[in-house]
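User: I am new to this structure and should be grateful for a close look at a single part of it. Please set that part in its surroundings as well.

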Amino acid sequence: MKESPQIAVQGGIRADARRNRERVLVAARAVFAERGIDAPIAAVARRAGVGVATLYRHFPTRDVLVRGAYERQMQSCALALTQALAAPDPWQGFQQLVETLCALQREERGFPAAFVAAFPEEASEGARSRYRAERDFITLMNRAKASGALRSDFHPSDLVVVLLAHCGLAAALPDDAAASRRLVAYLLQAFRADARSGALPPPAALTVHSLPVASDAPQGRRAGSA
């Protein structure tokens, strides 16, 4: 007898389980965008129309849920950096990377917080991937400087400043892609070596960890921590 669609198994996962998992991921992105990634897990379950126990069967911890919700964006970040390093023109690679990161911010308002919180364990493979990304960005930055296109006083923390500034715009004007593109273009022009008009103040003491993970999270607390 043919199995019911509700219990059919494909790739080792029941069809109903796959549907529940996808509902949870869609709900998580919506809830995280509205309330930050420290939103109650129960709120995600309610939005998905599943029980909390069902959610935890698929995503046993908040960090696993965050990684699942933004897996595609994480992969896009990694691909963007790989492509930027492979670009024959270092400035073109640098520009494309900044534009891609800001486009991801605009696409998913919860993504900047997820990017910071996704790999909290320093010994995890995710943490090692993040450190490799930071190292590769510095390589890209130095190449762009050596080519004479990127101003010599650009600092890695300036990328964080860009993401913070654009994050604010994306939150205030989530549907205004034109404003987003114009802000990014202004900032990229300011980073050109030929646009330099004077020395900048010292760079900010910022790293990617400095990006806020939730607007209402107490200072010093990583959103998503239980």
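How many of the 8 residues of helix H4 (residues 62–69) are buried?

Analyst: The model is a predicted one. In helix H4, which spans residues 62–69, 6 of the 8 residues are buried, so the helix is largely enclosed by the rest of the structure. The buried residues of H4 are Arg-62, Asp-63, Leu-65, Val-66, Gly-68 and Ala-69.

Val-66 may serve as an example from this helix. Its relative accessibility is 2%, and Val-66 therefore counts as buried, because buried means under 20% relative accessible area. Val-66 and Ile-37 are 29 residues apart in sequence, while their C-alpha atoms are 7.4 Å apart in space.

The wider setting begins with the largest nonpolar core, which has 24 residues. Phe-94, Leu-97, Val-98, Leu-150 and Phe-191 are the residues with the most contacts inside this core. Two or more residues are given to it by each of helix H5 (71–86), H6, helix H8 (125–146), H9 and helix H10 (177–191). H6 provides the largest share, 7 residues. Phe-94, leaving aside its neighbours within four places in sequence, is in contact with Phe-137, Leu-140, Leu-150, Phe-154, Leu-188 and Phe-191. Apart from this core lies another, of 20 residues, and Leu-65 and Val-66 are among them, as are Ala-39 and Ile-41. Leu-65 and Val-66 are also among the buried residues of H4.

Two of the helices that contribute to the largest core also pack against each other. Helix H6 (residues 90–107) and helix H9 (residues 156–172) meet at an angle of about 35 degrees, and their axes are 9 Å apart. The crossing of H6 and H9 is right-handed. On the side of H6, the contact is made by Val-98, Leu-101, Cys-102, Gln-105 and Arg-106; on the side of H9, it is made by Leu-159, Val-162, Leu-163, His-166, Cys-167 and Ala-170. The residues of this contact comprise 8 nonpolar, 2 polar and 1 charged.

The cysteines complete the account. The structure holds 0 disulfides. Cys-167 is in no disulfide, and the nearest cysteine sulfur, that of Cys-102, is 9.8 Å away. With a relative accessibility of 26%, Cys-167 counts as partly exposed. Cys-77, by comparison, is buried, with a relative accessible area of 9%.

Definitions and conventions. Residues are numbered from 1 along each chain as its sequence is written. This is a predicted model: local features need pLDDT of at least 70, side-chain atom pairs count only at pLDDT 80 or more; totals for chains, interfaces and linings use all residues. Side-chain values use heavy atoms; hydrogens and water are left out. A disulfide is a pair of cysteine sulfur atoms within 2.5 Å. Buried means under 20% relative accessible area, exposed over 50%, partly exposed in between (1.4 Å probe, protein chains only). Axes are lines fitted to C-alpha atoms, for helices over the stretch in contact, and angles run from 0 to 180 degrees between N-to-C directions. Helices (H or I, at least four residues) and strands (E, at least two) are DSSP runs, numbered from the N terminus. A crossing is left-handed if the near helix is turned anticlockwise from the far one by less than a right angle, and right-handed if clockwise. Contact means heavy atoms within 4.5 Å. Ala, Val, Leu, Ile, Met, Phe, Trp, Tyr, Cys and Pro count as nonpolar, Asp, Glu, Lys and Arg as charged, and the others, Gly among them, as polar. A nonpolar core is a set of buried Ala, Val, Leu, Ile, Met, Phe, Trp, Tyr and Cys residues joined through side-chain atoms within 4.5 Å.
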